[in-house]
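Please open the model below in your viewer and keep the selection tool handy. We will walk through it one stop at a time.

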Amino acid sequence: MKFKKIVSGILLSALIAVTATSCGQSATVDVEAAADTLYHNITFEDTMEPLDASMLSSIYSDVQSDDIVKSKVYTSTTATAEEIAVFEAKDAAAASRLETIVNNRIQEQKDIYADYAPLEVSRLEKAVVRKEGNYLFFCVAADKDKVESEIDALLK
C-alpha cells in the first residue's frame with residue numbers, strides 16, 4: 001500500500017512537471033515568413049517596402065543589434081504611418097527592451113503626424129504591439145482586428 005502511494009506521488013509529480021513545462025513553451029516563429037504573411041494578408045493603404053536591416057536603427061532609435069536574432073520590417077513608401085515589424089529577440093529581457101523601443105516609436109510617430117496628418121494618429125492609436133516569449137510583433141494598419149487574428153494564427 002505504501003509503495004502504491006509513493007508511485008502515485010511520483011507519477012503525479014511527473015505529470016505536473018510535464019504540464020507546467022509545456023504550458024510555458026511558445027511557438028517557434030519564422031520571422032521573415034511572419035512579416036510576409038502580415039504583408040500579404042492585411043490591406044494597407046500605401047505601398048509597403050521591406051526595410052534593409054542596416055537601416056533598422058534609423059527608425060527604431062536605441063535598438064541594440066545584439067538584442068535581435070532576426071527581424072523583418074516593412075514601412076510605407078509615402079506619407080502613412082503603416083508599418084510591419086517582426087522581431088526575434090535573444091531572450092525575454094531583450095524582447096521587453098524592443099517592446100519599449102517600438103512603443104517609443106509609436107509615440108514619436110504620433111507627435112510627427114499630429115500637425116499634418118491627424119488620420120495617421122488615429123491609425124497609430126490602433127497599432128498592435130504583441131510580445132510572445134522572445135518574439136515581438138508590431139503592425140500599424142487600419143484593421144486592428146485583422147492584424148490581431150493574423151498574429152494569433154502565426155502563433156499556433
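Two strands count as paired if DSSP finds at least two bridges between them. Keep in mind on this tour that the model is predicted.

**First stop: strand β5.** Select residues 135–140. Six of the six residues here are buried, so the strand is largely enclosed by the rest of the structure. Turn it to look at each face: Tyr135, Phe137 and Cys139 lie on one side, with Leu136, Phe138 and Val140 on the other, and all are buried.

**Next, the partners of β5.** Add residues 83–89, strand β3, which runs antiparallel to β5 and is joined to it by six bridges. Here you can find Phe87 opposite Leu136. Now add residues 128–132, strand β4, which pairs with β5 over five bridges, also in the antiparallel sense. On this side, Val129 stands opposite Phe138. Follow the chain from β4 into β5 and you cross a hairpin with two residues between the strands, where Gly133 has a positive phi near 60 degrees.

**Then, the cores.** Which residues have the most contacts inside the largest nonpolar core? Select Tyr60, Val73, Phe87, Leu98, Val102 and Phe138 to see them; the core has 24 residues. Elements giving two or more residues to this core include β3, β5 and α4 (92–113). Helix α4 gives the most, with seven residues.

Zoom in on Leu98: leaving aside residues up to four places away in sequence, it touches Val63, Ile68, Phe87, Ala89 and Leu136.

**Last stop.** Apart from that core lies another, of 20 residues; select Phe44, Ile84, Phe137 and Leu154, which are among them.

Key: Residues numbered from 1 in each chain as written. Predicted model: local features only at pLDDT ≥ 70, side-chain atom pairs only at ≥ 80, totals over all residues. Heavy atoms only, no water. Buried < 20%, exposed > 50% of the residue type's maximum accessible area, 1.4 Å probe, protein only. Helix = DSSP H or I, 4+ residues; strand = E, 2+ residues; numbered from the N terminus. Core = buried A, V, L, I, M, F, W, Y, C linked by side-chain atoms within 4.5 Å. Contact = heavy atoms within 4.5 Å.
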